[in-house]
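Please examine the sequence and the structure shown below before reading on. The explanation then leads through the chains step by step.

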Amino acid sequence: MAAVLEPYVYEGGVHKHGLIIELLEDLGGYLVQSTPAATEINLVMLIPRKDVPLMEELAKNILGKLTRAPLTGTEIAVVSPTLAYHHLPHSACDVAEHLRRDGANTNMLGLARGMGRRVALSQDYERKLINEHDIAVYSFGNFSDCIMNKKPKLFSGVDVPIVATGGPDLSTDDVEGADVYVGGIGRVSHRLRNEGEIDSLDVLNKTVGEVVDKLREEISRDPLAVLPARVMKEIKEQVPEINDVLTPAPITLQLDGMRVKLPFDQFHEKLEQLDLDEDVSLSDVANIMPSKMKDYILIKIRRRSETGFTI
Amino acid sequence: MATLEKFVVETTVEEEAPPYRKIVSDIISDLGMAGRIAKIKVAIRPEDSLFQLVAVVRGVLPQVILKDFAEIQKGDHEGEILITISVEKHLPRLLQILWDRYGRDSLEQPDRWTISLFVDNPEEEIGSLENLVVDDPRRTLKSNLADMAIRVAPEGFRVRYHSLNGNNFIFVASEDTMQKEWIDEAHTMLKELKGDDASGSSA
């Protein structure tokens, strides 16, 4: 039985952070993302549950901070009606930034024609791109009439769970098509930093966390044939070119797969043949597809009911 | 924002007005227009896809003419005009105008207060340069007001009407065909905002 992994983020100085990585490897955990910024570093990790105290102790000794990051291993689309200054950078970017603090990987997605009421619409390509994510967070405005009666048409064709945000305090039932609605985050022209605003962002993170928990629970009923974090580790070891990719998250984990930021045409065969176990390659347990995002590779891991085994 | 004499935001649902008021005040601050606007009223009816903004601006500064802040005389060299400025803040705009008109090769800047301009007929050019309009605050204000209104209005409302008549600014936006009664309504709003019988713009 595989160890239960807990998501954590380490924040501390670059000095001696290698000790954290070494301990993580010794414990059988996974390093999801490493973000150095000058003399500071952020490490997003999956740590075996029983070994968390060990890691906490080491983090304390080297004067770093270890905090739980419940959204680790998820890729969330933050959808804004357009990319105009009416919606960005506030509040959509603030929403994305706050989600990242809990470990999520976010992609900002501005629709080409999502603005307005009667004229708002989404395109097939945009819907497919949103569906490549685990969750879609829609960032709406301040008017309840728009949010209840006009904007829900942007949800059509989106199969992943939808979290809608907006200014008015509405109930989820008022917003047809949304799995959850979070109020208090409407259109603003300033950075969300007042007390009430930060509270609303915290509520959003908590709500998204609950949606993620539900998705994880659903996955646990019919588990994935292999852990996405394990596939990520194998890719890092067997496809050295991934180390030359300069994006912040060359392999972006999702709840049931990952996005590998290498060109599909050049690398899909190499990934299909990736050795996971004796006589088991990645193509036996996962679908490897071209992503709608640039020329990246999208990997969706099959369930045990489909493969008949887990590794 | 304390400089505004009157600042009203009305929406169909009363509770939705304060967040919009904050948007308006943020944008006015961002564009540095707080000192230029005396009174402003915004009315939004989302169910009709209607946005109306009326504002009364403070007295507009006069045009800035080159001779107001510069001495223009013939230079020592043939075809040279020497412009000696006394207010540096107008220099970037003046240079842009001169570059556009004469080309960069015709200009020299020996120091920050002096511009040497080389032309074929300096006498004639000196006459026209003296009355050159370097800055027109009214024009700047108009474009700033339009910019402010477009930023404040909901993004999808792209059918727009705007007018600046004297110190009175009216902006109406919708995503549907513009209706005359909406514009008339905005004129009435302006009258109420001014609190007298002065008329707004005639469309």
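Which residue of S8(B) does B:Ile83 stand opposite? This is a predicted model, and in it B:Ile83 stands opposite B:Ile115. The pair belongs to the junction of strand S6 (residues 80-85) and strand S8 (residues 114-118) of chain B, which run antiparallel and are joined by 5 bridges. Against the sheet packs helix H4 (residues 122-130) of chain B, touching S5 and S6 of chain B. The direction of H4(B) makes about 25° with that of S6(B).

The sheet itself may now be considered as a whole. It is an open sheet of 4 strands in chain B, with the order S5-S6-S8-S7 and antiparallel pairing. Strand S5 (70-74) and strand S7 (107-111) of chain B stand at its edges; each has a single partner strand, so one side of each is left without a neighbour in the sheet. From one strand to the next, the twist averages 20°.

Chain B also contains a parallel pair of strands. Strand S1 (residues 6-11) and strand S2 (residues 37-45) of chain B run parallel and are joined by 6 bridges. Within this pair, B:Val8 has B:Lys41 of S2(B) opposite it. To pass from S1(B) to S2(B), the chain goes through helix H1 (residues 17-30) of chain B, and the resulting β-α-β crossover is left-handed.

The domain assignment places these elements in a wider frame. In chain B, domain 1 is made of two segments, 6-61 + 137-194, while domain 2 covers 64-135. The centres of these two domains of chain B, taken over C-alpha atoms, are separated by 39 Å.

Attention now turns to chain A. This chain has 10 helices and 15 strands. Its radius of gyration is 20 Å, close to the 19 Å that the globule rule gives for 311 residues, so chain A is as compact as a globular protein of that length. Along its principal axes, the C-alpha trace of chain A spans about 55 × 45 × 35 Å. The assignment for chain A gives domain 1 (5-68), domain 2 (75-219) and domain 3 (228-307).

The early strands of chain A come next. Strand S1 (residues 5-13) and strand S3 (residues 40-48) of chain A run antiparallel, joined by 9 bridges. Here A:Glu6 stands opposite A:Ile47 in S3(A). S3(A) also pairs with S2(A), in the antiparallel sense and over 7 bridges. One bridge partnership links A:Thr35 with A:Asn42 in S3(A). S2(A) and S3(A) form a hairpin with 2 residues between them, and in the turn A:Ala38 has a positive phi of about 55°.

How many residues of domain 1 of chain A are in contact with domain 3 of chain A? There are 6 residues of domain 1 in contact with 6 residues of domain 3. Strand S2 (residues 30-37) of chain A supplies the largest share of the domain 1 side, namely 4 residues. By class, that side of domain 1 divides into 4 nonpolar, 2 polar and no charged residues. The C-alpha centres of domain 1 and domain 3 of chain A lie 24 Å apart.

Another sheet of chain A is open and has 5 strands, in the order S6-S5-S7-S8-S9, with parallel pairing. Which strands stand at the edges of this sheet? They are strand S6 (105-110) and strand S9 (180-182) of chain A; each has a single partner strand, so one side of each is left without a neighbour in the sheet. Neighbouring strands are turned by 20° against each other on average, direction ignored.

Strand S5 (residues 75-80) of chain A pairs with S6(A) in the parallel sense over 6 bridges, and A:Ile76 stands opposite A:Thr106 in S6(A). Two helices can be followed against these strands. Helix H3 (residues 92-101) of chain A lies across S5, S6, strand S7 (135-139) and strand S8 (162-165) of chain A, and runs at about 165° to S6(A). Helix H6 (residues 195-221) of chain A packs on the sheet as well, touching S5, S7, S8 and S9 of chain A. The direction of H6(A) makes about 170° with that of S9(A).

Finally, the two chains may be viewed together. Their contact takes 23 residues from chain A and 18 residues from chain B. The side of chain A that touches chain B has 9 nonpolar, 10 polar and 4 charged residues.

Technical notes: Residues numbered from 1 in each chain as written. Chains lettered and ligands numbered in written order. Predicted model: local features only at pLDDT ≥ 70, side-chain atom pairs only at ≥ 80, totals over all residues. Pairing = 2+ DSSP bridges. Right-handed = clockwise from strand over helix to strand, strands pointing away. Contact = placed C-beta atoms within 7 Å. Nonpolar A, V, L, I, M, F, W, Y, C, P; charged D, E, K, R; others polar. Axes fitted to C-alpha atoms, helices over the stretch in contact; angles between N-to-C directions. Domains from an automatic or database assignment. Rg over C-alpha atoms; globule rule 2.2 N^0.38 Å.
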